[in-house]
Amino acid sequence: MEESNKSYVKPTSVLPTEDFTETEMLVQWNKYAQRLGEKGFKIMESLLLINDPKLNGTQITLELPNEGSKLDFEGQMNGILGHLRGHLHNHDITIEIIVNEAIETKRSFNDQDRYNRLLEINPNIELLRTTFGLDLHT
């Protein structure tokens, strides 16, 4: 019975190690984050999208704002690693997490910033603004 419970692990010499670019990695990173968001895992999605990870060879470095975020990310790291390794065809990929409490998240502070953010989400807002003669007062 113990033998049947052991999982099979492929020898590492069989696993692919194709080259990939930082752009390809970011595309897959964002696809995975979007998929998590669609499934309702909003916290993990926001951790993945808090800032762009950096690539150095096959090591991906992600800065997170605090130790709690790091612990949350580490709990779900196997999912993103599996996705990246499969879609980028490279099983040497690793993720390093750096806690940087000085990270500033982008926040909208004035009406113009909020309007610009909403305009990014829905360009039809500009049509409404011009149709009804609305203006922003800062």
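Good morning. Helices in this talk are DSSP runs of at least four residues, numbered from the N terminus. The structure shown above is a predicted model.

Let me begin with one residue, Glu-45. This residue sits in helix H3, which covers residues 42–49. Is Glu-45 buried or exposed? Its relative accessibility is 17%, and buried means under 20%, so Glu-45 counts as buried. What does Glu-45 touch, once its neighbours within four places in sequence are set aside? The contacts are with Ala-33, Gln-34, Leu-36 and Gly-37.

I turn next to the sheet. Three strands make up an open sheet, and their order is E1-E2-E3, with mixed pairing. At the edges are strand E1, residues 54–56, and strand E3, residues 94–99; each of these pairs on one side only. From one strand to the next, the twist averages 30°. Let us look at one pairing in detail. Strand E2, residues 59–64, pairs with E1 in the antiparallel sense, over three bridges. Please find Leu-55 on the display: its bridge partner in E2 is Ile-60.

Now to helix H4, which spans residues 67–88. This helix lies across E2 and E3, and runs at about 165° to E3.

H4 also meets another helix, H2, residues 22–38. The two axes come within 10 Å and cross at roughly 130°. Why are H2 and H4 described as oblique to each other? An angle counts as roughly antiparallel when over 145 degrees and as roughly perpendicular from 65 to 115; the crossing at roughly 130° belongs to neither group, and the helices are therefore oblique. The crossing in which H2 passes H4 is right-handed.

Which residues make this contact? From H2 come Glu-24, Met-25, Gln-28, Trp-29, Tyr-32 and Arg-35. From H4 come Phe-73, Gly-79, Ile-80, His-83, Leu-84, His-87 and Leu-88. By class, seven of the contact residues are nonpolar, four are polar and two are charged.

I close with a further residue of helix H4, namely Gln-76. Gln-76 has 47% relative accessibility. Because partly exposed covers the range between 20% and 50%, Gln-76 counts as partly exposed. How far apart are the C-alpha atoms of Gln-76 and Met-44? The separation is 7.8 Å, although these two residues are 32 residues apart along the chain.

Thank you for your attention.

Technical notes
Residues numbered from 1 in each chain as written. Predicted model: local features only at pLDDT ≥ 70, side-chain atom pairs only at ≥ 80, totals over all residues. Heavy atoms only, no water. Helix = DSSP H or I, 4+ residues; strand = E, 2+ residues; numbered from the N terminus. Buried < 20%, exposed > 50% of the residue type's maximum accessible area, 1.4 Å probe, protein only. Contact = heavy atoms within 4.5 Å. Pairing = 2+ DSSP bridges. Axes fitted to C-alpha atoms, helices over the stretch in contact; angles between N-to-C directions. Parallel < 35°, antiparallel > 145°, perpendicular 65-115°, else oblique. Left-handed = near helix turned anticlockwise from the far one by under 90°. Nonpolar A, V, L, I, M, F, W, Y, C, P; charged D, E, K, R; others polar.
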